[in-house]
Amino acid sequence: MTPVLVVLAGLVVAGAVAAIAATTPRLAVLGLLLALVGAGYVADPFPGPLGLGARLAGTTLGTYLIWIALRRSPVAMPAASVGWPGAAAIAVVAFVAGWLGAGTLGAALVSGSSEGPGLGTVGAALVAGSPVPRAALGAALALATLAIPHVVLARDTLRLGMGLMLLIAAAGLVANALVGRPDDVAALGVALLVAFAGAGVAAVIEGSIRRGGDLVIRDSLRPDAVIRHRAADEAHRRPPA
Amino acid sequence: MRLLLLLVIGGVGAAVAAWGLPRGGRSARIGTLVGVLALVAITGDGFLLRPGRLTDTGQPITGLFDAHLVATVYLRLIVGLWGLMSLLLVFAAWLLGGLERLRGLLPATLAAMTGGTVAMASADLALGAAAAAATGLASLLVILGAEGPAAVAAGARELRVTLLAGVVLLVALAVVPIAARLALLASGVATAAAAADAAEVAGPAMGIVTLAVGFAVAGRWGMLPFHVRVSRLTDLVPPETLPLLLAWVAVPFTVVAFAAVDRLVAPLALPLDGERAILVVLALLTLVGASLAAFVHDDLRHAVGYLVVADAGLLLLAIAALDPDAWGPGREWVVALAASKTALGLWAAVAEDRFETRSIPDLRGWLRRSPLLGAGLVLTTLATFGIPGWIAFEARTALATLVAGPPLDSLLVVAGFLSLPAYLRLLVLGAGAVTSRVDGATPERITLRRRPPETLSVELEGVEPASMVTSTTTVAGVISVSRTSVRKANGPARDAARPGAAAVAIDSAGAAVADGADRRAHDVGDRAAAAMRARRLARRGTATPGRATPAVALGARVAATLRRNRTELLSGTVLALAILAALTSYGALDLSGAAAEPAPILVGRDSD
């Protein structure tokens with residue numbers, strides 16, 4: 001089971017790369033679905049069926065709402081700040097850094113575990129040396145690294161939404177790695193958060209398409225809005241032939 | 001069970017209101033009715049919540065989902081107060097612009113109250129954090145209802161700050177137990193080598209977590225340097241929604257953040273002086289900067305937004321204290337803050353509506369024309385700062401003294417009062433010479449004397465017989481048209497203002513009223529006019545006499561009466577909110593005791 005979960009962590013990262021680097025909205029949403037669904041399963045000990053079911057339902061609902069909101073979106077998205085190779089490279093480096101950091105953390109906990117008070121379920125898998133929490137922390141760091149630039153410097157509603165949903169998945173991965181088996185009711189709460197977050201992202205995307213015809217965030221109240229949202233090609237115009 | 005009932009009613013009410021109100025017509029009326037009934041029900045249910053956690057033997061006696069959700073005294077107080085204030089806000093919004101102004105406000109209020117109840121009742125911090133983050137999404141119901149691309153930008157900002165804050169809190173809750181464990185090892189429990197290893201990680205990790213939680217709260221309230229969102233929001237949304245968007249929606253998140261710090265970080269008593277200093281500086285910057293901005297801004301909405309931000313700066317002190325003693329004052333202040341800013345927000349909305357300007361200089365002399373509104377602002381100012389002995393005042397001083405020693409604590413207390421000049425500016429300006437805008441506004445009547453209607457007789461040539469006169473009547477801005485014989489038209493003018501005699505209201509002619517008009521038409525034998533009216537009524541589906549039920553007629557009369565006294569009712573609503581805020585600031589309903597109540601903890605396999 002453990003190798004499967006580690007591979008699943010890799011798939012989660014691959015989904016996140018697709019969500020960020022894709023040039024078509026549908027592919028981005030499929031990548032998001034893969035990342036969100038997979039993130040709930042990269043846990044040791046494996047979550048209970050109720051919690052997993054709730055996470056699956058919440059994730060599917062949230063992603064489906066985003067899919068519906070994109071029905072009238074343009075076929076192509078605004079250009080991503082990083083392409084496929086760049087996003088993949090960032091994700092791999094972050095995954096490795098997270099894996100190694102988790103190893104260091106586990107070693108620090110192990111060295112003092114015999115003298116200190118019991119950990120309970122907190123970080124138990126990390127202390128036991130399981131690779132699953134390391135993969136979970138690696139995937140969490142990869143997702144956060146990919147998502148944060150698109151959240152902080154958001155230029156289109158879809159990538160902002162992708163970034164935020166990936167950050168929620170990253171938070172879930174951190175909890176899986178450090179806390180241990182999540183409580184079923186807490187898992188239900190996180191599932192509801194994912195569903196509502198998906199609804200919120202869908203509403204913003206639908207609003208941008210309805211008002212502007214595309215996914216670009218236009219802040220008409222900003223005096224420099226015209227400058228901020230100029231097309232990328234305008235920076236390096238080709239001379240007329 | 002009452003907690004579950006509250007959640008179900010709130011959820012259903014929010015869904016029905018969100019479905020019906022944007023559709024207009026009958027759907028909007030149904031959505032409003034259901035939404036208002038749900039708001040009344042959850043307010044009443046909130047006051048009836050039975051706080052209780054454990055029996056004498058330590059067994060859980062109340063709670064939902066395996067005791068994950070627990071009613072507390074503090075929850076009862078917040079839900080009750082929030083519900084009461086929301087009812088007044090909804091009433092004021094209806095007076096300000098009819099059902100159109102309730103489109104976002106009503107469903108967002110219900111959704112936020114439901115989500116906030118889950119967050120604040122949660123005995124599991126992770127569940128509370130998730131619910132608090134989801135609660136913030138209710139703002140989108142208001143923001144995305146606005147027109148123009150700016151709504152998308154504002155919605156994107158709101159989405160970002162809400163979910164980012166939630167993610168930060170969720171990650172912090174996962175990291176803190178590990179960091180606490182490492183901190184324990186570093187304190188000398190383990191061997192020297194292990195302690196040295198742990199010390200390198202524990203302190204910085206806990207410090208980062210503390211800062212992250214502080215910044216999340218700061219971002220949620222729009223404190224410096226996250227304040228840009230606030231002014232943009234005030235430009236976009238209807239002003240009466242600002243109390244919800246700027247204050248109440250952030251309350252559940254703040255309460256959960258306080259619980260996280262109080263339960264997970266503060267008991268460790270770690271030497272986090274650097275992190276504390278950063279948070280105190282941020283609070284000080286917010287208190288000074290936002291107060292200054294509120295004073296110099298000439299835009300009323302911006303000034304109100306910055307006044308909210310300025311008072312929110314004190315919340316950071318509750319986190320920066322890293323002391324269990326800050327638990328009570330912090331939770332007291334967040335309630336007093338939300339209550340006083342609700343009154344302030346509605347005062348600004350009513351002033352903007354009445355004087356038709358957002359410019360503060362143009363409001364000069366407003367107090368002379370609106371004494372009730374003035375009383376509301378005076379009470380709101382009192383509720384904001386309190387007086388010695390009131391819990392709002394005591395909370396301010398307690399938070400300052402907990403976070404720093406002399407003389408910095410005095411500086412923080414003084415900084416907390418820096419927003420006072422902004423309130424005084426509004427009051428002093430209101431007593432000045434009246435501007436033309438203020439002079440042209442409807443003045444408040446202190447007595448309830450009936451206003452004489454203004455009647456303008458119009459004779460329609462070729463349509464009406466010589467004996468018929470069509471007259472338009474204007475009563476408090478409501479225009480109605482009546483067709484009477486010359487003999488009637490010369491009668492007492494106030495007959496036209498009586499609901500039964502005012503023949504045809506342009507917007508919603510009742511059939512009973514139309515029936516009276518028909519009889520008069522037949523009296524003069526004008527068959528053509530009667531036939532034309534019958535055809536018009538048939539098109540409206542109200543041709544059959546007596547179709548208008550007494551309830552509908554009564555509702556129309558009540559609505560007309562309320563609209564006729566709109567000016568005074570709006571001022572009265574502001575005054576009522578200000579009185580509620582002052583009572584909260586004073587400490588009514590034992591807010592002090594409720595705020596000092598320990599947070600519910602999960603009675604489960606891992607906790608006890």
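Two residues are taken to be in contact if their C-beta atoms, placed from the backbone, lie within 7 Å. With that meaning in hand, we can follow two helix pairs in chain B of this predicted model.

In the pair formed by helix α13 (residues 300–320) of chain B and helix α17 (residues 391–403) of chain B, the residues that meet are L314(B), L317(B), A318(B) and A320(B) from α13(B), and R396(B), L399(B), A400(B) and V403(B) from α17(B). Sorted by character, the residues of this contact comprise seven nonpolar, no polar and one charged.

Two packed helices are described by the angle between their axes and the distance between the axes. For α13(B) and α17(B), the angle is about 45° and the axes are 9 Å apart, which means that α13(B) is oblique to α17(B). The crossing in which α13(B) passes α17(B) is left-handed.

The second pair brings together helix α12 (residues 273–296) of chain B and helix α19 (residues 420–430) of chain B, whose axes come within 8 Å and cross at roughly 15°. Because angles under 35 degrees count as roughly parallel, α12(B) is described as roughly parallel to α19(B). Here, too, we can ask which residues of α12(B) and α19(B) make the contact. On the side of α12(B) they are S291(B), A294(B) and F295(B), while α19(B) contributes P421(B), A422(B) and R425(B). The residues of this contact between α12(B) and α19(B) divide into four nonpolar, one polar and one charged. As for its handedness, the crossing of α12(B) and α19(B) is left-handed.

Note on methods: Residues are numbered from 1 along each chain as its sequence is written. Chains are lettered from A and ligands numbered from 1 in the order in which they are written. This is a predicted model: local features need pLDDT of at least 70, side-chain atom pairs count only at pLDDT 80 or more; totals for chains, interfaces and linings use all residues. Axes are lines fitted to C-alpha atoms, for helices over the stretch in contact, and angles run from 0 to 180 degrees between N-to-C directions. Helices (H or I, at least four residues) and strands (E, at least two) are DSSP runs, numbered from the N terminus. Angles under 35 degrees count as roughly parallel, over 145 as roughly antiparallel, 65 to 115 as roughly perpendicular and the rest as oblique. A crossing is left-handed if the near helix is turned anticlockwise from the far one by less than a right angle, and right-handed if clockwise. Ala, Val, Leu, Ile, Met, Phe, Trp, Tyr, Cys and Pro count as nonpolar, Asp, Glu, Lys and Arg as charged, and the others, Gly among them, as polar.
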